[in-house]
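Work through the exercises below with the sequence and the 3D structure in view. Each task is followed by a worked solution.

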Amino acid sequence: MSPHAPPLRGSLPPEGADPAWGGPAPDRVSPHALQLIHADEHLLVFDKPAGLLAVPGRGPENQDCLSARAQARYPDALIVHRLDMATSGLIVMARGIEAQRRLSMAFEKRRVHKRYIAAVAGELHNPLPDNGWNTIDLPLIVDWLARPRSKVDHEIGKPSLTRWRLAPELAPVPGSTRLELEPVTGRSHQLRVHLMAIGFPIVGDPLYASEAQEAMAPRLLLHAQAIEIPHPATDQPMRFEAPCPF
């Protein structure tokens with residue numbers, strides 16, 4: 001990475017013509033336009049909108065996704081981690097196999113730190129003084145009889161740890177509480193299952209909330225707001241943020 005190259009921000013391409021990217025097209029603007037937060041020779045960071053897959057799904061109707069749109073612009077872009085389709089926020093992609101290997105190792109060694117914003121159904125109070133970080137420590141496993149759901153399983157579940165505290169901003173909808181979340185581990189649906197397990201499912205969640213709680217918002221109110229990673233070429237810590245859309 002050139003030390004003089006500034007981060008690139010905003011939707012790309014700025015003029016035009018690539019519907020696969022999700023930017024402006026002659027007759028339409030994609031509802032799932034990607035926001036490019038940062039780009040250099042080794043690293044890409046995007047702000048994924050809710051409703052867009054991170055990687056292709058099953059069937060031809062589920063091939064449009066963040067990775068495909070990114071690769072249309074950057075053919076060497078490779079996935080390192082994922083977000084649920086319903087979750088918005090920051091996703092990192094590597095440029096090339098070596099950058100992917102180094103970033104994957106950083107995730108494995110827990111050198112990557114993520115911060116999420118969520119709105120949960122109900123009025124949740126922080127029992128700790130000075131709004132300290134609480135911990136949810138519940139083992140999780142994929143619920144094979146109800147896929148894609150996951151569940152708490154104290155016998156064979158994998159260790160899973162989530163930290164939470166109250167967010168300073170007002171709740172986005174009546175009857176909800178805004179939280180800051182930090183996943184220490186990275187299990188499937190970890191934040192969604194952990195919050196449901198303590199009695200406060202995320203608003204708008206079609207898998208883990210009640211019908212009334214899902215109907216409180218038109219989308220899952222979960223956003224990957226910040227990520228800190230070591231740069232794959234320089235190993236220098238880098239932090240990126242994406243404003244919460246709710």
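Accessible areas here come from the Shrake-Rupley method with a 1.4 Å probe, and for residues only the protein chains shown count as cover. The model is predicted, so local features need pLDDT of at least 70 and side-chain atom pairs count only at pLDDT 80 or more, while totals for chains, interfaces and linings use all residues. Residues are numbered from 1 along each chain as its sequence is written, and side-chain values use heavy atoms, with hydrogens and water left out.

**Exercise 1.** State how much area the protein exposes and what share of its residues is buried.

Solution. Step one: the exposed area is about 12600 Å², and carbon and sulfur atoms supply 54% of it. Step two: apply the cut-offs, where buried means under 20% relative accessible area, exposed over 50%, and partly exposed in between (1.4 Å probe, protein chains only). Of the 246 residues, 45% count as buried.

**Exercise 2.** Count the helices and strands, then describe α3.

Solution. Helices (H or I, at least four residues) and strands (E, at least two) are DSSP runs, numbered from the N terminus. The protein has 4 helices and 12 strands. Helix α3 spans residues 190-197, and 6 of its 8 residues are buried. Those buried in α3 are Gln190, Leu191, Arg192, Val193, His194 and Leu195. Just after α3, Gly199 has a positive phi of about 95 degrees.

**Exercise 3.** Find the largest nonpolar core and the elements that supply it.

Solution. A nonpolar core is a set of buried Ala, Val, Leu, Ile, Met, Phe, Trp, Tyr and Cys residues joined through side-chain atoms within 4.5 Å. The largest one has 30 residues, and Phe46, Met93, Leu181 and Leu222 have the most contacts (heavy atoms within 4.5 Å) inside it. Elements that each supply at least two residues of this core include β1 (35-39), β4 (88-95), α3 and β11 (222-230). The largest share, 3 residues, comes from β5. A second, separate core has 16 residues, among them Val80, Val92, Val112 and Ala242.

**Exercise 4.** Count the disulfides and compare the settings of Cys65 and Cys244.

Solution. A disulfide is a covalent bond between the sulfur atoms of two cysteines. The rule asks for a pair of cysteine sulfur atoms within 2.5 Å, and the count comes to 0 disulfides. Cys65 is buried, with a relative accessible area of 0%, whereas Cys244 is partly exposed at 23%.
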